[in-house]
Amino acid sequence: MISWIVIAGYVACGAMLVMMVLGIMLSVFMPALDRWNRHYFITLFSTLLLYAVVLSIDVFVYSIFNIEAAQKAILFLEFLLFSLLMPMPMLFLLHYCGELKKDAIPLRAVTALWILFCLMLFAGQFSDAFYYTTPVIQYTRGPWFPLLITPLTMIVIINLGSLIKRRKKLPKRVFTALLVYLLPTAIFVIIYMFAAVDMLVSFWMALCALTMFGLILSDSIEQFMRQQREIANQRADIMVLQMRSHFIYNTMMGIYYLCDQDPAKAKQVTLDFTSYLRKNFTAIASEDTVPFKDELEHTRAYLAVEQAQFEDSLFVNFDTPHTMFRVPPLTLQPIVENAVKHGMRASSDPIHITVVTRQTDNASEIIVEDDGPGYKPVDDNEPHIALNNIRQRLEMMCKGKMEIVPRKGGGTLVKVTIPESVR
């Protein structure tokens, strides 16, 4: 006859399996999570899922068989997977505070304690000091079992202390999420040192992890929605900035005069202007990054229209062998337009513009140089507003950045960097 302990074990394991599968699915498919958080929670829930599977096997072996060797191996896996869950909150905390790549003392301490636990666990396979198994009772705690759990207890205490120390660096919801995970874990691990509550500890850790994920996810969704609103507002700003009436009027009047002077050229400028307008409308409607090739075509169409009016004053050179990456819509064209307008307006001398792309080990780069009068950051005019708009969209949509510096020999150099993950 199956005892109530075995039934409770099956129920707890089943609940853990369902919760962890749900957590993994949400981690994979929720668009609000960034890449690091997605990988973190997939790893966390996968570890818990594997832990639940091993616990289920343990309950099955306990209720059906009396295999002492199998029980010993299963216990080793249980303790190892359980220990892997202890350092993970520290990784999340330090990443969120921007300290993960630094030589963080708490992370080194937690790592050292986890290695100590693994060494003790391995040594316990050749001794009955920590735990042992028998054909009848199977799993029994040894006299030094609390010593085995001590490193894990110290890890959760360090985690909790590090969280409290960094609470001002965290949003309220993220702090609450980590506290919900760490505080019950610390309490249960301390109880676990002296009482055989294995299944209870496992179930509550899984529940706390899912609760933590829910709070982090809600915070990420809120940030995602805020970013989407900002992008929508900026798209409206782009429309205003890109569809300037004087540019359209000047182009149409230029085409009007060319119809008598050079009909073939008038037809070509009309095609280029149509392509420019079409690319503008497409970019305004886009909600995601676009292939750089599209941006390049848009920029060429714009320059063709401008060069029809300033063919003796505007010279452009393209060196763009690397095009296999994506950028926010309306990134390159406004940068080039800023160089044209700023240069033409400030001087009657011809202006030379160079557009270069290149691939580095971990990023794609776009470089736009001009020999105009130079960039003045304090200006609050239309072209400069457009550049600020590009900088914000680069950061929000692809973690990119834009630098504007004086060019050697005069003029301006604009450098856009797109991380490798957006290629």
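In this predicted model, helix H11 (residues 292–309) lies across three strands, namely S4, S6 (351–359) and S7. The direction of H11 is at about 160° to that of S4. The strands beneath this description belong to an open sheet of five, ordered S4-S6-S7-S9-S8, in which the pairing is mixed. Because strand S4 (314–319) and strand S8 (401–406) each have a single partner strand, they stand at the edges, and one side of each is left without a neighbour in the sheet. On average, and with direction ignored, neighbouring strands of this sheet are turned by 15° against each other.

In general, the strands of a sheet pair through backbone hydrogen bonds, in either a parallel or an antiparallel manner. Within this sheet, strand S7 (residues 363–370) and strand S9 (residues 412–419) run antiparallel and are joined by eight bridges. A convenient place to look at this pairing is valine 368, which stands opposite valine 414 in S9.

Attention now turns to helix H4 (residues 88–96), which can be followed through its contacts with two other helices, H5 and H7. The axis of H4 comes within 10 Å of the axis of helix H5 (residues 105–123), and the two cross at roughly 165°. With angles over 145 degrees counted as roughly antiparallel, H4 is therefore roughly antiparallel to H5. The crossing of H4 past H5 is left-handed. On the H4 side, Met90, Leu91 and Leu94 take part, and they meet Pro106, Leu107 and Val110 of H5. Sorted by class, this contact of H4 with H5 holds six nonpolar residues, with no polar and no charged ones.

The second partner is helix H7 (residues 172–194), whose axis and that of H4 come within 11 Å and cross at roughly 165°. H4 is thus roughly antiparallel to H7 as well, and H4 passes H7 in a left-handed crossing. From H4, the contact draws on Pro89, Phe92, Leu93 and Tyr96, while H7 supplies Val174, Leu178, Tyr181 and Leu182. By class, the contact of H4 with H7 comprises eight nonpolar residues and no polar or charged residues.

The burial of H4 can be read alongside these contacts. Buried residues in this helix are Met88, Pro89, Met90, Phe92, Leu93 and Leu94. Of these, Met90 and Leu94 meet residues of H5, whereas Pro89, Phe92 and Leu93 belong to the contact with H7. After H4 comes glycine 98, which has a positive phi, near 75°.

Note on methods. Residues numbered from 1 in each chain as written. Predicted model: local features only at pLDDT ≥ 70, side-chain atom pairs only at ≥ 80, totals over all residues. Heavy atoms only, no water. Axes fitted to C-alpha atoms, helices over the stretch in contact; angles between N-to-C directions. Helix = DSSP H or I, 4+ residues; strand = E, 2+ residues; numbered from the N terminus. Parallel < 35°, antiparallel > 145°, perpendicular 65-115°, else oblique. Left-handed = near helix turned anticlockwise from the far one by under 90°. Contact = heavy atoms within 4.5 Å. Nonpolar A, V, L, I, M, F, W, Y, C, P; charged D, E, K, R; others polar. Buried < 20%, exposed > 50% of the residue type's maximum accessible area, 1.4 Å probe, protein only. Pairing = 2+ DSSP bridges.
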